[in-house]
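Student: I would like a close look at one part of this model, the contact between its two chains. Please set it against the salt bridges found elsewhere.

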Amino acid sequence: MSDYKKYVCGVCGHIYNEAEGDEESGIAPGTRWEDVPADWHCPECGVGKDEYSLLD
Amino acid sequence: MRVIIIGSGVAGVSFAEKFRSHSKDDEITLITKENDGYYSRPLLSRGFSKNDIEQSIILKPFDKLRASGINVISGAEITSIDRGDKSVAITGPSQEKSIHYDKLVVATGSSAFIPPPFMPYNALFFCLNSLVDLKALRKFRQGLLNQNRRPEWAIIGGGLIGCEVASDLAVSGDNVTLFHAMDRLMERQLVAEDSALLLEVLKNSGVNVLLNQNVHGFAKQENKVCVKTDMTTEFDALIVSCGFKPRTELAGLAGLEVGRGIKVNQFMQTSDESIYALGDVAELPNGKLYAFILPIRSQAHWLAGFLAGQEQQSWTPPVFTTKAKVHGFEAVHPYNL
Ligand SMILES: Cc1cc2nc3c(=O)[nH]c(=O)nc-3n(C[C@H](O)[C@H](O)[C@H](O)COP(=O)(O)OP(=O)(O)OC[C@H]3O[C@@H](n4cnc5c(N)ncnc54)[C@H](O)[C@@H]3O)c2cc1C
């Protein structure tokens, strides 16, 4: 099992943490970034997944 | 206690939701001019390339906020603040004409800044500052597309928003000319090297970028509008994007201390101890306005905790970055914010 990763929204800085998921839009804790639906969007500024990048 | 919030942008809504989660008993009323719900302003600059934008831009309908215990009065405007009896005057659908507050949070945001020489021509140009603006622009554009015409736009101002809008219209297939007063794009945020890169990206997407332009006025000519520099050039429509102007009028009339924004201390408190300001409209003691989503949410969440008695230390700005939403552009160096 690899560690959970974090992805940051390039527009507003929101962080998607795989460990936490995104409760409000029904993404369960532990959901991998690849498994987040393509039409999911940043809960804070509305932009799409393509605006996110891996946080290292 | 009754808390009144003016404005349903990211500042007002983030504060209301966080404060609701801290406090079960306080009464929270949010009053806003908007009718469409809480929407994403950053997405305005993707308003042409995304077809479903008028729906997808809504982050939360007002009914959803109401369901969580926030009393939202939409389509209404606060016209004055009476600090003597701690009330605000309201016009619109509400029965009440005046509402008492114990604490008032001013989150009135900002409008587009119109340089004074352009003001006499305000019937000749559009701005892109709100969802209402975007809908008007999209309707106009659709009218031209319906006649099989390819819209010809002039964008006045090559700052963050001007570059974003120019890019979005160009990738949507329109003809775009961008007039900028300076010798490089986004000179306030970008180092020269990144400005040059941005110029290349915009040119490659078909934008005609004109630097060092002294635009001194506009004119109407039949169904075209003209931009006047040394020469006069015709377009279907113009968008002025020359920065933003905090909406400080209410606070100013109420005698609060106002600079570029409403002056607040490190506790987001104005010169009246019952009144706070957040977001684009708030000017911190260092003279800064934090007009970006991330620091505004931080201010709003901090104030909610503070008013709920859970926060003692003053607000400190978080580290944050931003990014011009120009299709295909990635700056090499950090932005200057
Ligand atoms: C096109 C565009 C693109 C942007 N892109 C980005 C980006 O990529 N990243 C980023 O971080 N930031 C971006 N920003 C900036 C960011 O959107 C703003 O900093 C933020 O939205 C400000 O939020 P606010 O709540 O302070 O004000 P606003 O969003 O302006 O909200 C103010 C609210 O108050 C209401 N109001 C005002 N006066 C009254 C009154 N008297 N009575 C009742 N209601 C009133 C208004 O109707 C409005 O709902 C962008 C802005 C624009 C315009």
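How many salt bridges does the rule find across the interface of chain B and chain A?

Tutor: The model is predicted, and what follows should be read as computed from it. Across the interface of chain B and chain A, the rule finds five salt bridges. One pair whose side chains meet in this way is A:Glu24 with B:Lys64, at 4.0 Å from N to O. For a salt bridge, the nitrogen of Lys or Arg has to lie within 4 Å of the carboxyl oxygen, so the stated distance of this pair equals the cut-off. A:Glu24 and B:Lys64 also belong to a network, in which salt bridges with shared partners join them to B:Glu17 and B:Lys60. Besides the salt bridges, four residue pairs are in polar contact across the interface of the two chains, with both residues of each pair at pLDDT 80 or more.

On the side of chain B that touches chain A, two elements give two or more residues each: strand 4 (58-60) and helix 8 (293-307) of chain B. Helix 8 supplies the largest share, three residues. By residue class, this side of chain B divides into six nonpolar, two polar and six charged residues. In total, the contact takes 14 residues from chain B and twelve residues from chain A. The size of an interface is often given as the accessible area lost when the parts come together. Here chain B and chain A bury about 1100 Å² between them, and 49% of that area is on carbon and sulfur atoms.

Now the salt bridges beyond the interface. Over all chains, a search of the whole structure finds 19 salt bridges. Within chain A, A:Glu18 pairs with A:Arg32, and their closest N and O atoms are 2.7 Å apart. Both residues lie in the loop between strand 2 (15-17) and strand 3 (52-55) of chain A, so the salt bridge ties together parts 14 residues apart in sequence. A:Glu18 has a relative accessibility of 1% and counts as buried. A:Arg32 is buried too, with a relative accessible area of 18%; the reason is that buried means under 20%.

In chain B, B:Arg83 forms a salt bridge with B:Asp272, with 2.8 Å between the closest N and O atoms. This pair links distant parts of the chain, 189 residues apart: B:Arg83 is in the loop between strand 6 (77-82) and strand 7 (87-91), and B:Asp272 in the loop between strand 19 (262-263) and strand 20 (275-277). B:Arg83 is partly exposed at 31% relative accessible area, whereas B:Asp272 is buried at 11%.

Another salt bridge in chain B joins the side chains of B:Asp236 and B:Lys224, at 3.0 Å from N to O. B:Asp236 sits in the loop between strand 16 (232-235) and strand 17 (237-240), while B:Lys224 is in strand 15 (residues 224-228), twelve residues apart. B:Asp236 counts as buried, with 7% relative accessibility.

Chain B also offers a strand pair to look at. Strand 11 (residues 152-156) and strand 12 of chain B run parallel and are joined by five bridges. In this pairing B:Glu152 stands opposite B:Asn175 of strand 12. Strand 12 (residues 175-179) has four of its five residues buried, so it is largely enclosed by the rest of the structure.

Note on methods:
Residues are numbered from 1 along each chain as its sequence is written. Chains are lettered from A and ligands numbered from 1 in the order in which they are written. This is a predicted model: local features need pLDDT of at least 70, side-chain atom pairs count only at pLDDT 80 or more; totals for chains, interfaces and linings use all residues. Side-chain values use heavy atoms; hydrogens and water are left out. Contact means heavy atoms within 4.5 Å. Buried area is the accessible area (1.4 Å probe) that two parts lose on being put together, summed over both. A polar contact is a pair of N or O atoms within 3.5 Å; within protein, one must be able to donate a hydrogen and the other to accept it, and residues adjacent in sequence count only if both atoms are side-chain atoms. Ala, Val, Leu, Ile, Met, Phe, Trp, Tyr, Cys and Pro count as nonpolar, Asp, Glu, Lys and Arg as charged, and the others, Gly among them, as polar. Buried means under 20% relative accessible area, exposed over 50%, partly exposed in between (1.4 Å probe, protein chains only). Two strands pair if DSSP finds at least two bridges between them.
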